[in-house]
Amino acid sequence: MPSLIQSSLAILALSSSALGAYSIDKAFKFDVHSHVVPPIYKEALIKAKYPVDAATGLVFTDGFPVPDWTLANHIATMNTNGVNYSTISISAPGANFYAGQKNKMLTLVRSLNDAMASYTTQYPTRIGAMCILPLPYIEASIAEIVYCLDTLKFDGVGLYTNADGTYLGDRALDPVFDLLNARGATVFVHPSKPCSGSVSLGYPDPMIEYPFESVRAMENLLLTGQRSQYSNMSIIFPHGGGALPYLATRIAGLASLPFMGGLSVPDSLNQFKGYLFDTASSTSVVQLIAMKQFFGSVSGIVTGTDFPYVPQAQAAAGLASTKANGQFTDDEMGSINNANAFRVFPKVAAKLGFAIV
Ligand SMILES: *[C@@H]1O[C@H](CO)[C@@H](O)[C@H](O)[C@H]1NC(C)=O
Ligand SMILES: *[C@@H]1O[C@H](CO)[C@@H](O)[C@H](O)[C@H]1NC(C)=O
């Protein structure tokens with residue numbers, strides 16, 4: 001179903017652009033993956049006893065330094081990179097460290113959403129926001145979705161691969177998915193650290209655990225049936241889908257065995273192809289070609305920088321080499337730079353004055 005929907009949307013976009021119903025410069029860059037670090041967030045991390053490096057004053061989460069961040073520098077870096085519009089979110093660990101302390105989590109989440117709202121009101125044509133939720137608290141998360149989408153006019157909702165061990169796909173999350181699905185929401189799933197102990201050998205979780213977290217979430221969404229039940233929402237996974245393009249046929253093959261439920265291989269692969277994957281630190285030849293071969297086109301590839309967590313030198317080099325490394329045509333770059341993102345963020349297109357149909 002998702003792939004059917006995607007291909008008919010692609011045809012719609014094609015025919016409307018052929019009719020000249022809208023024209024967005026192919027170079028217009030829509031970055032679906034950048035982060036903000038509001039001062040209250042850094043304070044909360046320090047209060048929660050994440051380690052602080054004495055020399056730099058940087059706080060480390062998941063074995064990785066949280067970069068210094070300001071809104072002015074965010075906009076300046078967008079300008080340097082030729083990024084026109086960014087959907088901002090809070091990177092892992094989000095507010096997951098307050099699981100078990102409901103009031104503290106709700107207070108932090110609300111302050112973070114209000115902080116992100118203030119950035120979008122300061123730069124409405126440059127910045128949109130993805131809501132952070134107080135998961136695994138279901139009722140509170142539903143209230144936060146309504147607040148963010150209706151009152152704060154956010155572009156979508158941010159989720160993590162797991163919230164205190166509750167992975168996407170867990171049927172406990174169904175009420176949240178019910179609402180997101182009814183809204184046709186677009187969701188950005190950031191990896192968090194694996195819930196089950198230290199598998200990372202003491203290395204930073206972002207290095208390989210984050211990519212496998214994305215795979216784990218997509219695997220669980222497949223095997224619990226949650227994704228097939230809630231197919232009216234768009235879901236972006238970062239970093240080229242983690243290792244999913246490489247592992248998709250293995251997962252689909254295993255899932256087709258009788259003891260796993262005998263799922264149809266083509267259905268499983270189509271479900272995976274209904275996701276969108278961003279290019280943040282996924283711009284090597286191998287990664288870009290794998291994504292295109294996996295989707296069968298570039299329709300699921302969107303631009304991401306992971307600012308400010310990926311150093312600017314790496315992000316800029318990645319943006320600059322995407323076209324050559326993926327051997328993409330100008331039209332394909334237009335899809336990757338903005339058309340695929342506008343397909344799942346139609347309200348942003350409307351806000352910016354781009355008529356989509
Ligand atoms: C997008 O950004 C580029 C580079 O900063 C700029 O030249 C262009 O005018 C922008 N496009 C729109 C539609 O704002
Ligand atoms: C799908 O999302 C749209 C909004 O994009 C909504 O109007 C529609 O009712 C949703 N459909 C279902 C089956 O929930």
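Residues described here as buried have under 20% relative accessible area. With that cut-off in hand, the predicted model can be explored one helix, loop and strand at a time.

A good place to start is helix α5, which spans residues 138-151. Its 14 residues reach 19 Å from the first C-alpha to the last, close to the 20 Å expected at 1.5 Å a residue. Within α5, the buried residues are I138, A140, S141, E144, I145, Y147, C148 and L149. An α-helix has 3.6 residues a turn, so residues three or four places apart point the same way. The list for α5 includes I138, S141 and I145 as well as E144 and C148, all of them buried. What do the buried residues of α5 pack against? Their partners are two helices, α4 (102-122) and α6 (174-182), and two strands, β5 (127-131) and β6 (156-160).

The chain does something worth a second look just after α5, where K153 takes a positive phi of about 60°. K153 has this positive value although it is not a glycine. The residue sits in the loop between α5 and β6, and it is exposed because its relative accessible area is 62%. H239 offers another example of a positive phi in a residue other than glycine, with a value near 55°. Is H239 buried or exposed? H239 lies in the loop between β10 (234-237) and α9, and at 14% relative accessibility it counts as buried. Helix α9 itself covers residues 244-255 and contains R250. With a relative accessibility of 59%, R250 counts as exposed. Its C-alpha is separated by 25 Å from that of S198, a residue 52 places away along the chain.

The backbone also holds cis peptide bonds. One joins A92 and P93, with omega at about 10°, and P93 belongs to the loop between β4 (83-89) and α4. Another joins F307 and P308, where omega is about -5°. P308 is found in the loop between β12 (301-302) and α12 (312-326).

A92 appears again in the surroundings of S192. S192 is placed in the loop between β9 (186-190) and α7 (205-223), and it counts as buried because its relative accessibility is 3%. Leaving aside neighbours within four places in sequence, S192 is in contact with A92, N96, Y160, T161, N162, Y210 and E213. For N162, a polar interaction can be described too: a polar atom of the S192 side chain lies 3.2 Å from the backbone oxygen of N162.

N162 is therefore a natural next stop, being buried at 3% relative accessibility. N162 lies in strand β7, which consists of residues 162-163. Which side chain makes a polar contact with the side chain of N162? The partner is E213, at 3.0 Å. With neighbours within four places in sequence set aside, the contacts of N162 are N96, Y167, S192, K193, P194, C195 and E213. N96 and E213 are thus in contact with N162, and both are also in contact with S192.

Strand β1 (residues 29-35) is home to D31. D31 counts as buried because its relative accessibility is 2%. Apart from neighbours within four places in sequence, D31 is in contact with V83, Y85, S86, T87, T303, G304 and T305. The side chain of D31 also reaches the backbone nitrogen of H33, at 2.9 Å. Although D31 and N337 are 306 residues apart along the chain, their C-alpha atoms are separated by 7.9 Å.

Finally, ligand 2 is surrounded by N181, A182, R183, G184 and N232. By class, this shell has one nonpolar, three polar and one charged residues. A polar side-chain atom of N232 lies 2.4 Å from an oxygen atom of the ligand, while a polar backbone atom of G184 is 3.4 Å from a ligand oxygen. On its own, ligand 2 has 370 Å² of accessible area, of which the protein covers 35%.

Technical notes: Residues numbered from 1 in each chain as written. Chains lettered and ligands numbered in written order. Predicted model: local features only at pLDDT ≥ 70, side-chain atom pairs only at ≥ 80, totals over all residues. Heavy atoms only, no water. Near = heavy atom within 4 Å. Polar contact = N/O pair within 3.5 Å; in protein donor to acceptor, adjacent residues only side chain to side chain. Areas by Shrake-Rupley, 256 points an atom, 1.4 Å probe, with all protein chains shown as cover. Nonpolar A, V, L, I, M, F, W, Y, C, P; charged D, E, K, R; others polar. Helix = DSSP H or I, 4+ residues; strand = E, 2+ residues; numbered from the N terminus. Expected span 1.5 Å × (residues − 1). Buried < 20%, exposed > 50% of the residue type's maximum accessible area, 1.4 Å probe, protein only. Contact = heavy atoms within 4.5 Å.
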